[in-house]
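Thanks for making time this morning. I would like to walk you through one structure, beginning with the overall picture and then turning to its charged side chains.

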Amino acid sequence: MPELPEVETFKRYLDSTSLHQRIANVDVQDSYVLKRVSARELTRRLKGRRFEKSYRHGKHLFVRASDDPPSQTLRRTSLWLRLHFGMTGSLDYLKDDEVAPKTARVIFRFANSCRLAFDDQRKFGEVELIEDVDEFLRTRGLGPDALQISFSQFKAILGKHRGAVKAILLNQRLIGGIGNLYADEILFRARMHPATEAARLRDRDLMRLFRATHYVLVKAIALKTDFNRLPKSWLLMRRGKTGRCPRCGRALKSATIGGRTSWFCVHCQKRI
Ligand SMILES: [Zn+2]
């Protein structure tokens with residue numbers, strides 16, 4: 001499931017392939033992923049414009065479309081394409097004769113005949129047009145982005161909410177971008193049991209967790225989220241019944257915490 005590092009990697013991919021080209025057409029192969037917009041409306045509003053820049057918040061990617069051709073009579077509003085990658089979403093930039101994947105749901109066709117495909121096998125992804133990113137984030141009640149957050153904000157959020165520390169890290173209304181896999185990695189790095197009550201954390205624990213959050217997300221982005229290149233000291237590739245702790249070699253344990261399966265080492269990750 002794409003989390004903050006994956007979405008940031010998609011953002012950089014989109015920025016390096018798809019900006020500043022005129023959108024010649026939009027092919028909607030499956031309108032199931034469209035939210036509050038019809039295939040016809042999506043095409044009508046994007047055709048002739050260009051993607052100008054993108055912005056990521058948590059697991060959402062927003063792509064600014066250029067203004068309409070100047071008009072005396074119409075109010076000029078900004079237009080953003082919002083992409084959420086659900087469980088299996090990704091982006092594919094296709095050159096002239098490259099065949100789009102069968103699971104491409106929406107294909108943006110550029111004037112230079114290249115295409116950007118929103119691919120999503122399981123169709124939990126979302127494609128929408130919005131006019132105001134801040135308003136969207138407010139309406140959805142999304143918390144600050146996990147990479148933009150300051151330590152004092154982080155401390156305030158964890159101090160204010162009861163429950164397991166992992167459940168708080170996963171709650172998108174509190175902190176945006178962290179999902180199940182990276183939450184386990186962050187807690188492993190911070191040597192903290194995922195079921196630790198957030199209220200029990202002292203300042204130095206919070207600082208350790210904050211630093212681990214930053215390190216894990218930044219490192220995963222730097223590796224373009226290629227799991228085969230993750231450091232050997234990481235937990236992520238060892239999740240599962242036969243998995244052993246990369247630090248002490250003991251068998252990993254699992255438990256459902258915050259509604260999700262967590263993997264951790266009871267020896268290295270203590271409850272505080
Ligand atoms: Zn261990």
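Of the 272 residues in this protein, 51% count as buried, and I should say at once that what you are looking at is a predicted model. The accessible surface comes to about 13700 Å², and carbon and sulfur atoms account for 47% of that area.

As for the fold, the protein has seven helices and 10 strands. Its radius of gyration is 21 Å, close to the 19 Å that the globule rule gives for 272 residues, so the protein is as compact as a globular protein of that length. Taken along the principal axes, the C-alpha atoms fill a box of roughly 65 × 40 × 30 Å. If we consider the contacts in the protein with a separation of 6 or more, 63% of them are accounted for by residues 24 or more positions apart.

Let me move on to charge. The protein carries 53 positive and 29 negative charges, and the mean positions of these two groups are 8 Å apart. How many salt bridges does the count come to? The count comes to 19 salt bridges, and I will take a few of them in turn.

In one of them, the side chains of Glu 131 and Arg 45 meet, with 3.2 Å from N to O. This pair links distant parts of the chain, since Arg 45 sits in helix α2, residues 39-46, while Glu 131 sits in the loop between β8 (126-130) and α3 (133-140), 86 residues apart. Glu 131 has 38% relative accessibility and therefore counts as partly exposed.

Another salt bridge joins Arg 64 and Asp 67, whose closest N and O atoms are 3.6 Å apart. Is Arg 64 buried or exposed? At 16% relative accessibility, Arg 64 counts as buried, whereas Asp 67, at 32%, counts as partly exposed.

The next pair is Asp 184 and Arg 239, where the closest N and O atoms are 2.3 Å apart. Because Asp 184 lies in helix α6 (residues 180-189) and Arg 239 in the loop between α7 (203-222) and β9 (253-257), the pair ties together parts that are 55 residues apart in sequence. Asp 184 counts as buried, at 2% relative accessibility, and Arg 239 counts as partly exposed, at 21%.

Finally, there is a set of linked pairs: Arg 36, Arg 82, Glu 126, Glu 128 and Arg 140 are joined into one network by salt bridges that share partners.

Key:
Residues are numbered from 1 along each chain as its sequence is written. This is a predicted model: local features need pLDDT of at least 70, side-chain atom pairs count only at pLDDT 80 or more; totals for chains, interfaces and linings use all residues. Side-chain values use heavy atoms; hydrogens and water are left out. A salt bridge is a side-chain nitrogen of Lys or Arg within 4 Å of a carboxyl oxygen of Asp or Glu. Helices (H or I, at least four residues) and strands (E, at least two) are DSSP runs, numbered from the N terminus. Buried means under 20% relative accessible area, exposed over 50%, partly exposed in between (1.4 Å probe, protein chains only). The radius of gyration is taken over C-alpha atoms; the globule rule is 2.2 Å times the number of residues to the power 0.38. Contact means heavy atoms within 4.5 Å. Accessible areas come from the Shrake-Rupley method with a 1.4 Å probe; for residues, only the protein chains shown count as cover. Lys and Arg count as positive and Asp and Glu as negative; His and the chain ends are not counted. The place of a charge is taken as NZ of Lys, CZ of Arg, CG of Asp or CD of Glu.
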